[in-house]
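Here's a quick briefing to read alongside the model. Have the viewer open and follow along.

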Amino acid sequence: MAEIVLDKPGEKPRIGVYVCHCGGNISDTVDVAKVAEALKGEADVVVSKHILFDCSDASQNEMIEDIKNLNLNRLVTCACSPKLHEATFRGVAQRAGLNQYLSFHANIREQSSWPHGDDPAGATAKALAQARSAIAYMRDATPMEALTSGSTQSVLVIGAGITGLRSALDLASMGVQVYLIERLPYLGGHSAQVGGTYPTGTRGDAIVRDLVGQLLRKPNVTVFTNATVESQSGYVGNFEIRVHIAPRVVVGPSAHFNDAIAACPVSVPDEFEYGRTARKAIYQPRAPVVPNLPVIDLDHCTRCGKCPSILGGAVDFSQRAEVLTLKVGSIIVATGFDPYTPPQGEFGYGAVPNVVTLPQFERLLATEKGPELTYLGRKVRSLAYIYCVGSRQKRAEGDGGGPVHEYCSRFCCNATVNNDLHVHERFPEIRAYHFYRDMRTYGRNELMYEQAAKQGSIFVRYSEDNPPRVTTEDGHALVTVQASILEHDSVAFPVDLVVLVTGMVPRDNQALNDLFSLPIGPDGFYKEVHQKLRPVETNVTGLLIAGTAQFPKDIKETLLSGSAAAAKASTFALKTTLELEPFVASVDTSVCEASGGCLRECPFGAIEMHEYEGIGKRAWVNSAVCKGCGACVAVCPTEAIQLAGLTNPEVRDMIEALAR
Amino acid sequence: MPAPSDFEPKILVISTNLISDPGIDYAGSAHVHYPSSTRMLRFPCSSMVRPEFILHALTHGFSGVFVAADGGDCPFLRDCSDRTALRMQRAYALLKEHGIEEGRLRMAGICSVCSDAFAKNVKTLYDAAKRMGPVRGNGREATT
């Protein structure tokens with residue numbers, strides 16, 4: 001029933017088919033020569049070839065030449081997932097003078113060769129069937145024009161850690177309006193807490209302050225702290241975001257902040273120090289704050305009334321939360337990580353007083369100004385580092401399948417060896433023992449490892465089956481280890497401080513994940529569409545991920561990721577109009593019986609009942625509002641409403657081809 | 001008549017462009033095995049699945065249809081699961097009318113990383129279809 005409109009009117013379909021080897025990714029399992037040969041016998045197929053890489057420049061040019069020389073008017077590629085290269089071959093069709101939608105990309109890698117590596121004959125039969133359904137679809141396919149939609153030249157960056165700061169700064173430099181929102185009252189994330197970053201030793205807070213300083217000089221950046229996303233709607237180019245901004249309470253300058261902080265009766269663990277020390281409910285963050293005023297932690301404030309009596313009009317407890325609506329073209333989610341917190345008793349954590357985690361140790365180094373390193377009032381003369389705590393965990397038999405961290409956090413070996421070098425420089429008398437599983441100081445970081453070994457740090461390898469035990473003895477911590485090089489003997493090292501080299505774990509962002517339906521991988525971090533081809537994108541066009549929310553990265557790597565996401569966001573936010581796929585519903589008024597089913601079904605209100613002259617009421621689709629979900633298609637009693645690009649006859653044609 | 005043991009049921013998998021198809025791709029990337037007699041068809045959203053499409057498949061050579069639904073991750077519809085479930089109800093009724101076993105149709109939400117859930121569901125349906133043999137009743141498979 002679908003009317004056949006050819007790209008070149010009056011011509012029969014002339015289809016070219018290109019079956020890809022993908023190196024061996026496809027051809028090691030699927031007999032691509034057999035598939036290409038079999039397809040030569042399909043009606044309307046003019047040429048069918050198998051090619052080492054469909055996506056190579058040479059192959060693309062070959063397709064263009066074939067289209068021109070053989071008068072092809074349809075292109076079918078059988079290769080990887082259409083998520084990767086569908087756009088590539090639509091581009092080929094376009095460059096050859098065809099409508100871009102007269103190209104179809106069948107997936108015979110992710111959905112044939114890879115899952116059916118155990119069954120080459122079955123994989124080959126499946127690839128052939130998928131190719132035939134592509135040909136069946138193409139036979140009656142019609143040219144379409146992409147829809148255009150206005151786009152907002154602004155980007156929302158969620159999370160003002162070092163990644164979000166980098167993304168915001170890059171986008172602002174491109175002239176894009178940036179809204180940077182941060183859940184906490186201050187900026188900089190975990191990086192602001194790092195004392196000396198590797199390999200240069202630059203303080204983390206110095207890097208953060210530099211970025212914040214540059215950012216605040218940009219006229220096109222708005223920073224919101226205490227801010228969270230309340231709701232979101234819309235689509236690429238036109239997201240509408242409601243941002244909830246919690247009250248700051250401290251509203252103006254005062255000469256008496258120190259008195260108010262001293263008078264505050266509340267004492268809570270200081271999250272900036274990873275709970276090592278306490279802070280008050282009113283406090284001056286050590287990370288950059290905008291505006292630069294103390295903040296009040298309203299979750300812990302008892303409203304005792306001391307602040308207003310000391311600070312007067314500089315505090316306003318009647319301040320209410322605000323909700324702002326932002327319109328943005330793209331969104332970058334850079335919400336960061338949480339450091340792994342060992343459970344009570346793991347390597348003595350929480351049980352032996354001289355045991356700290358790597359982030360706590362870094363705060364100790366950053367805040368220790370004296371000539372000696374002291375911990376709990378005692379001079380530290382010896383240190384033990386235990387590596388891979390909370391990383392590279394194995395799922396134990398019968399542990400109930402609880403979450404374990406099977407991945408390597410990749411920054412921690414480097415950070416620890418770097419800390420060791422700084423400790424040696426500042427406190428040369430401290431002896432350091434490193435208990436490691438595998439040393440992963442990759443790239444130039446290897447030189448830090450070499451330096452640490454040269455200057456006398458002792459590296460002792462342990463096996464994961466026989467981890468060190470940490471106990472307490474005479475105020476020392478005792479690390480007992482079965483070293484890999486000693487067959488039976490275990491060795492005990494009394495030390496003043498044990499540092500558990502803890503990795504990164506995914507942050508619990510349930511509310512945000514639900515709002516945006518963010519894709520989460522098996523390790524709990526956000527998962528990109530493709531590690532190499534689409535490394536900062538999600539399946540929702542315009543919604544991007546960056547930084548350690550995606551997987552563990554060190555500061556250098558996370559900055560690269562922030563810049564990558566900014567560059568990708570700019571591909572949406574620098575345009576005033578975006579091309580959207582034309583796969584929207586339309587109504588054949590000669591068949592529509594005005595049942596109204598589609599109106600009720602449409603979640604976007606895209607369908608209305610129109611009065612047509614001479615024929616009466618018929619459904620009508622507003623194509624600017626239609627999102628192309630196809631929900632209406634399923635309920636139409638007469639098949640009057642169908643989706644462009646996937647009409648009901650096309651569905652049936654494909655089903656029949658797939659069943660052959 | 002019991003199904004011959006060499007009967008290889010063809011299973012039509014209807015996936016969704018943004019959610020379950022990436023999940024099925026992920027199964028491939030992770031080299032998770034599932035029966036190769038599956039054939040894949042992409043829709044924008046599982047709410048588009050007309051019950052008649054399912055009947056069409058089961059009367060044109062398929063022995064089972066698995067709808068890999070968007071579930072809670074649907075980018076279009078918050079209530080996508082409910083809507084798709086309604087389609088399935090209508091489809092079950094339609095199959096019954098045509099004397100086709102309801103067990104040949106299966107639906108589950110498959111998220112964009114649900115590789116194992118996909119393989120498990122499709123294998124379960126494949127095993128069921130293998131036990132049932134080719135579609136009889138009004139199905140054309142019985143006559144071919």
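**Cysteines, a sheet and the domains**

B:C111 is buried, since its relative accessible area is 19% and the cut-off for buried is under 20%. Keep in mind that this is a predicted model. The rundown below starts from that cysteine and its partner, then moves on to chain A.

**The disulfide**

- B:C111 pairs up with B:C114 in a disulfide, with the two sulfurs 2.2 Å apart.
- Searching the whole structure turns up 1 disulfide over all chains.
- Which hand does the disulfide of B:C111 and B:C114 have? The torsion about its S-S bond is about 100°, so the bridge is right-handed.
- B:C114 has a relative accessibility of 21%, so this cysteine counts as partly exposed, because partly exposed covers the range between 20% and 50%.

**Cysteines without a bond**

- Take A:C307: the closest cysteine sulfur belongs to A:C264 and sits 6.1 Å away, which is too far for a bond. The cut-off for a disulfide is sulfur atoms within 2.5 Å.
- A:C307 counts as buried, with 11% relative accessibility.
- Over in chain B, B:C74 is in no disulfide either, and its nearest cysteine sulfur is that of B:C80, 3.7 Å away.
- Is B:C74 buried or exposed? At 8% relative accessibility, B:C74 counts as buried.

**A sheet in chain A**

- Chain A has an open sheet of 3 strands, ordered 9-10-15 and paired antiparallel.
- Strand 9 (227–233) and strand 15 (322–328) of chain A are the edge strands, each pairing on one side only.
- On average, neighbouring strands of this sheet are turned by 25° against each other, direction ignored.
- How many bridges join strand 9 to strand 10 of chain A? There are 6 bridges between strand 9 and strand 10 (residues 239–245), and the two run antiparallel.
- For a spot to look at, find A:T228, which stands opposite A:H244 in strand 10 of chain A.

**Domains of chain A**

- The domain assignment splits chain A into domain 1 (15–145), domain 2 (154–246 + 322–336 + 507–577), domain 3 (257–314), domain 4 (340–503) and domain 5 (584–643).
- Domain 2 of chain A is written as several segments, 154–246, 322–336 and 507–577.
- How far apart are the C-alpha centres of domain 3 and domain 5 of chain A? Those centres lie 59 Å apart.

Note on methods: Residues numbered from 1 in each chain as written. Chains lettered and ligands numbered in written order. Predicted model: local features only at pLDDT ≥ 70, side-chain atom pairs only at ≥ 80, totals over all residues. Heavy atoms only, no water. Pairing = 2+ DSSP bridges. Helix = DSSP H or I, 4+ residues; strand = E, 2+ residues; numbered from the N terminus. Axes fitted to C-alpha atoms, helices over the stretch in contact; angles between N-to-C directions. Domains from an automatic or database assignment. Buried < 20%, exposed > 50% of the residue type's maximum accessible area, 1.4 Å probe, protein only.
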